[in-house]
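Me: Please take one part of the model shown here and examine it closely, in a single connected account. I am interested in how the protein meets the nucleic acid.

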There are 2 protein chains.
Amino acid sequence: MNIAEAAKHTGLSRKTIRYYEQQGVIPPAKRSANGYRLYDTAQLGCLLFIKRARELGFSLNDSQELLSISQDPGRTSASVKKKAELHLQKINHQIAQMQKMKEVLEDVVGECMGDEQTHCPILDKLNKG
Amino acid sequence: MNIAEAAKHTGLSRKTIRYYEQQGVIPPAKRSANGYRLYDTAQLGCLLFIKRARELGFSLNDSQELLSISQDPGRTSASVKKKAELHLQKINHQIAQMQKMKEVLEDVVGECMGDEQTHCPILDKLNKG
DNA sequence: TTTAAACGTTACAGCAGCGGTAAGGTCAAA
DNA sequence: TTTGACCTTACCGCTGCTGTAACGTTTAAA
């Protein structure tokens, strides 16, 4: 199948698929006589793997490494778990950070009248900490 | 004061301060005879404002607009509140997304033995959804 | 048969928000 | 006088794509 169909099957854009290939995230696609990229179910599997890893927030680099591990018959689940736990820590850290932002924002938004007056607790917060 | 001192006072790096100026986020600094940038308390105030806005997750563009609004005597708190609420929505959306990632990750990490065996629920998840 | 659309290709630019590095000028103290 | 700590501009790199240009191919309709 051509790239458009691969895109339809995976939900990735054609640009993204080409980008993944260019970055070496997935092996280079075979080409038909006219130079068009050709995809089979194995390639679709790679693409879907990367897509799911990305949806779980893994970096493209991590996603690629996970794909490599997945295709290695001599892998251990320990190596995967380690990566996932590290990633989970990052996610938790980011959530905590955004939660703090959220709380402050809700505070000041709650205090702000949002009317035609000049006084604004939100700006006060930004001006004085 | 020179840029290094301004950096020390604000907690921003010298690169960041120059970048903000170049992007028009803050007004261009005055220069001493030798071409060095000079900062006074007003400039420090701008820098701190931007820093705090960034810490609340506002984009650099939004931060700049908030600074403009803050410096406009004819502003209304409504205009600020609107921006803040919009931003809060984005934050909430992002938190929700990361929470979903977190839950899935905790699930599969919990199921993974993390030993020397090949079988791995994390990879299963990535391979089959 | 021609032509127009809908594909395909490569290559380069751009987005956010800086950090790193190079290549140079300036200034204060030892 | 020299050393080290400043300062300047300018450009590349990072992440993960998306958009655009400029071009070739295939397919379907007119």
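The reply below treats the surface around the DNA strands, then the relation of the two protein chains and their cysteines.

Reply: This is a predicted model, in which local features need pLDDT of at least 70 and side-chain atom pairs count only at pLDDT 80 or more, whereas totals for chains, interfaces and linings use all residues. Residues are numbered from 1 along each chain as its sequence is written, chains are lettered from A and ligands numbered from 1 in the order in which they are written, and side-chain values use heavy atoms, with hydrogens and water left out.

I begin with DNA strand D. It is surrounded by 20 residues, the closest being A:Lys15, A:Thr16, A:Tyr20, B:Ala4 and B:Arg18; a residue is near a strand if one of its heavy atoms lies within 4 Å of it. Sugar or phosphate accounts for 75% of the atoms of strand D within 4 Å of the protein, and bases account for the rest.

Several side chains make polar contacts with the phosphates of this strand, a polar contact being a pair of N or O atoms within 3.5 Å (within protein, one atom must be able to donate a hydrogen and the other to accept it, and residues adjacent in sequence count only if both atoms are side-chain atoms). From chain A, a polar side-chain atom of A:Tyr20 is placed 2.8 Å from a phosphate oxygen of strand D. From chain B, B:Arg18 has a polar side-chain atom 2.2 Å from a phosphate oxygen of strand D, and an N or O atom in the side chain of B:Arg31 is 3.1 Å from a phosphate oxygen of that strand.

At least two residues of the surface near strand D come from each of α2 (14-22) of chain A, α1 (3-10) of chain B and α2 (14-22) of chain B. Helices here are DSSP runs (H or I, at least four residues), numbered from the N terminus. With four residues, α2(A) gives the most to this surface. By class, the residues are seven nonpolar, six polar and seven charged.

Around DNA strand C there are 20 residues, of which A:Ala4, A:Arg18, B:Ser13, B:Lys15 and B:Tyr20 come nearest. Of the atoms of strand C within 4 Å of the protein, 74% are from sugar or phosphate and the rest from bases. Polar side-chain atoms of A:Arg31 and B:Thr16 are found 3.1 Å and 3.0 Å, respectively, from a phosphate oxygen of strand C. B:Tyr36, by contrast, addresses a base: a polar side-chain atom lies 2.8 Å from a base nitrogen of strand C. The largest share of the surface near strand C, four residues, is supplied by α2(B), and that surface comprises seven nonpolar, six polar and seven charged residues.

The relation between the protein chains comes next. Chain A is superposed on chain B by a rotation of 180 degrees with 0.0 Å of shift along its axis (RMSD 0.0 Å), the fit being by least squares on the C-alpha atoms of residues with pLDDT of at least 70 in both. The two copies are therefore related as by a two-fold rotation axis. In chain A, A:Ile95 comes closest to that axis, its C-alpha at 3.1 Å.

Finally, the cysteines. The whole structure has zero disulfides over all chains, a disulfide being a pair of cysteine sulfur atoms within 2.5 Å. A:Cys120 has its nearest cysteine sulfur, that of A:Cys112, 3.9 Å away.

Notes: Ala, Val, Leu, Ile, Met, Phe, Trp, Tyr, Cys and Pro count as nonpolar, Asp, Glu, Lys and Arg as charged, and the others, Gly among them, as polar.
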